[in-house]
There are 4 protein chains.
Amino acid sequence: MNPKREKIFNAAVKKFSEKGTTGTTMKEISQEAGVGKGTLYRYFEDKEDLVSSLMSYGFERLTEVIKREIEGIESATDKIKKVVEVQLEFYKKHCDFCRFLTREFWGYKNKFEENIKEIRSDYTVVIEGIIEEGIEENEFKAKDPEVAAVSLIGMVNLTALHWFMFKGEVAVDKIREEVIDIFLSGMLN
Amino acid sequence: MNPKREKIFNAAVKKFSEKGTTGTTMKEISQEAGVGKGTLYRYFEDKEDLVSSLMSYGFERLTEVIKREIEGIESATDKIKKVVEVQLEFYKKHCDFCRFLTREFWGYKNKFEENIKEIRSDYTVVIEGIIEEGIEENEFKAKDPEVAAVSLIGMVNLTALHWFMFKGEVAVDKIREEVIDIFLSGMLN
Amino acid sequence: MNPKREKIFNAAVKKFSEKGTTGTTMKEISQEAGVGKGTLYRYFEDKEDLVSSLMSYGFERLTEVIKREIEGIESATDKIKKVVEVQLEFYKKHCDFCRFLTREFWGYKNKFEENIKEIRSDYTVVIEGIIEEGIEENEFKAKDPEVAAVSLIGMVNLTALHWFMFKGEVAVDKIREEVIDIFLSGMLN
Amino acid sequence: MNPKREKIFNAAVKKFSEKGTTGTTMKEISQEAGVGKGTLYRYFEDKEDLVSSLMSYGFERLTEVIKREIEGIESATDKIKKVVEVQLEFYKKHCDFCRFLTREFWGYKNKFEENIKEIRSDYTVVIEGIIEEGIEENEFKAKDPEVAAVSLIGMVNLTALHWFMFKGEVAVDKIREEVIDIFLSGMLN
DNA sequence: CATGAATGAGGCTTCATTCAT
DNA sequence: TATGAATGAAGCCTCATTCAT
């Protein structure tokens, strides 16, 4: 990616995470990025475009990493374990991003809405695919893979964010173990 | 509650859910509520106060309903079932609210931050309590009740919102069954 | 008219005449008018609206005065004399306005274009009517009343503006006499 | 003239006429001219300079054509006829230019103001000269040659522009005949 | 108490101009 | 000499908040 575009991206995530998208001004972003205010508009149509580009970019990176990491893994169970681990690591590393995504994803009408929905869908579908695979192989028993997929995403996403917000850091190991255990074996003794 | 305050609350949730808190103007809220703009300031310090009061109010209602509904239920398992059901019903009924909460909760520094954290904590703690209880009674096996509690909240919250956003309505029955099953018995066959 | 709207109008003509519409900022107008910047937007949709409202208002006033003044006058010749006089007086009194009108009338596409054309037409039509009347009464000999009307307007308008710009003041008497003479009796000896 | 300077000139009139000087950006002009944005600044100090150079250039061309065309003509009456014809033809051919001139000429303080006034004066003076000449030769009867000259310019300029704006084209023949008739013989029967 | 006209700080965006290549 | 990426001053407009009625 264009290095200046990347600098802007990094500055934007940082600020957006700290103060929200609407709480952050274009001026702040340009200062954080060390470029002129006008330069932002050479790389992004407007603020809305910057926000949704950032969101797409994040989902794409996450989806990409997940896809890459589960490649070669055979069993659906092991894939799920890997997915949880990868996501938690990603959230830990990019907790700014995680917060930004969680907050802004459930966005309101904007001109890039459809685009975002698609990207988000790509991401969900990967997890859903693993679960469907597990069902076919008789490894899993879920009736509705979509509910199961979104449930897993919800578990990982909110625990990571909860830890980040209330404890200051994402406790990857602790969360991973428990989440995997619950998702795979359930709570019952 | 003061009826005019309630009218403002209802108007605010509706608008906030449609257009986000920052996308909604005080004028719009006052018009939706059928009162003068100045009147809003008799019931709330400022916009920030309105937003966080609304958030507190929502969490309190939800916590309240949950507490009331699980009263008298004996086993932790049954309590969890009830909690999931009650939450889904609440989200279905107040999906505007659900969207608003999910989006605005992970809020940024504001003068009511601590207050909100506390309210949110109350809510989490109820679920956590049920799980601890289940562990003590040897019904549950979780190592970390907090992770388990937040996981459950994440599952319910994000599936509900996902359905609302992508399918237009919260499919309570379908989600409830699957979420309870996963949370209690896990995915493995 | 609303007194505050009028204050804004007066401030705007003054500034527009001095520095052009695009050279004048909304802030300058608000300061000249002694009101807050936001107040301008209570009385006018936006800057474009302010400009075209001002233009319509001016044409309407001018048309109004002309219509009122020629009422009761019998011969077309005397009406033309009065029209020239009234216009010159109006231009002298509102030379800011005259300059603004001349410069901005030949405007470029904007959302009020049609409205302005109509107003301008009303004004032209009054003069045209007098000429047609004179032709019917066999007083005048023009073949094309529209060319004649616009010619008269052009004579008055540009001489007035020329005097204002190059001599600092509109020499009503001198211009009136000569313009009327040329228009009615021509240049030939 | 330098061919690149000419390309820029042509691009500028076209754009200025379509969208006004302030509505046209330097980028648009450079694209229309097929040169880089920076190149404009090799040929013109700044935008103001481009605008006023264009204005001077136009007046000079017009004055030049008029001077050339009336050369050799004897009577002031015939010269006036020629002047009207030449101007209308010029306006018809360069109606973009005509619109631009009328709109921008009554300009506001800028650093080239004096220069423009002088150029404009040259142009006025030619017409004035013919009228003075006619008076001396006892052909004309005007008391104030300046008023008469500016009146003629106003008639031609505004009728041409009026036709262009309201009918889409300058009806040279019709306007010429009527304007000449009025100016020379007046309206009276 | 209730209202909504008035305010002005501050946001987003544009664009004339510069300057390194 | 020609270019166009970069800049940042400055404009238009919005909207939370106040306060006279």
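Which base nitrogen contact does the side chain of K37(D) make with DNA strand F? An N or O atom in that side chain lies 3.2 Å from a base nitrogen of the strand. The model is predicted.

## Chains A and B

Chain A superposes on chain B after a rotation of 180°. The shift along the axis is 0.1 Å, and the RMSD is 0.1 Å. That is the relation of a two-fold axis. The same surface serves both copies, with 100% of the contact residues of chain A recurring in chain B.

Which residue of chain A comes closest to the rotation axis? It is G186(A), whose C-alpha is at 1.7 Å.

## DNA strand E

DNA strand E is surrounded by 29 residues. The closest are K37(A), T39(B), K37(C), T39(C) and R42(C). Of the strand's atoms that come within 4 Å of the protein, sugar and phosphate account for 64%. By class, the surface near the strand has twelve charged, ten polar and seven nonpolar residues.

Helix α3 (37-43) supplies at least two residues of this surface in each of chains A, B, C and D. The most come from α3(C), which gives five residues.

Phosphate oxygens of DNA strand E have several polar partners. A polar side-chain atom of Y41(A) lies 2.9 Å from one. For Y41(D), an N or O atom of the side chain is 3.2 Å from a phosphate oxygen. G36(C) uses its backbone instead: an N or O atom there lies 2.7 Å from a phosphate oxygen.

## DNA strand F

DNA strand F has 29 residues around it. T39(A), R42(A), K37(C), K47(C) and T39(D) come nearest. Sugar or phosphate holds 68% of the strand's atoms within 4 Å of the protein, and bases hold the rest. The nearby surface divides into twelve charged, ten polar and seven nonpolar residues.

How is the backbone of DNA strand F approached? A backbone N or O atom of G36(A) lies 2.7 Å from a phosphate oxygen. In R42(D), a side-chain N or O atom is 2.7 Å from a phosphate oxygen. The elements giving two or more residues to this surface are α3 of chain A, α3 of chain B, α3 of chain C and α3 of chain D. Here α3(A) gives the most, with five residues.

Key: Residues are numbered from 1 along each chain as its sequence is written. Chains are lettered from A and ligands numbered from 1 in the order in which they are written. This is a predicted model: local features need pLDDT of at least 70, side-chain atom pairs count only at pLDDT 80 or more; totals for chains, interfaces and linings use all residues. Side-chain values use heavy atoms; hydrogens and water are left out. Copies are superposed by least squares on the C-alpha atoms of residues with pLDDT of at least 70 in both. Contact means heavy atoms within 4.5 Å. A residue is near a molecule or strand if one of its heavy atoms lies within 4 Å of it. A polar contact is a pair of N or O atoms within 3.5 Å; within protein, one must be able to donate a hydrogen and the other to accept it, and residues adjacent in sequence count only if both atoms are side-chain atoms. Helices (H or I, at least four residues) and strands (E, at least two) are DSSP runs, numbered from the N terminus. Ala, Val, Leu, Ile, Met, Phe, Trp, Tyr, Cys and Pro count as nonpolar, Asp, Glu, Lys and Arg as charged, and the others, Gly among them, as polar.
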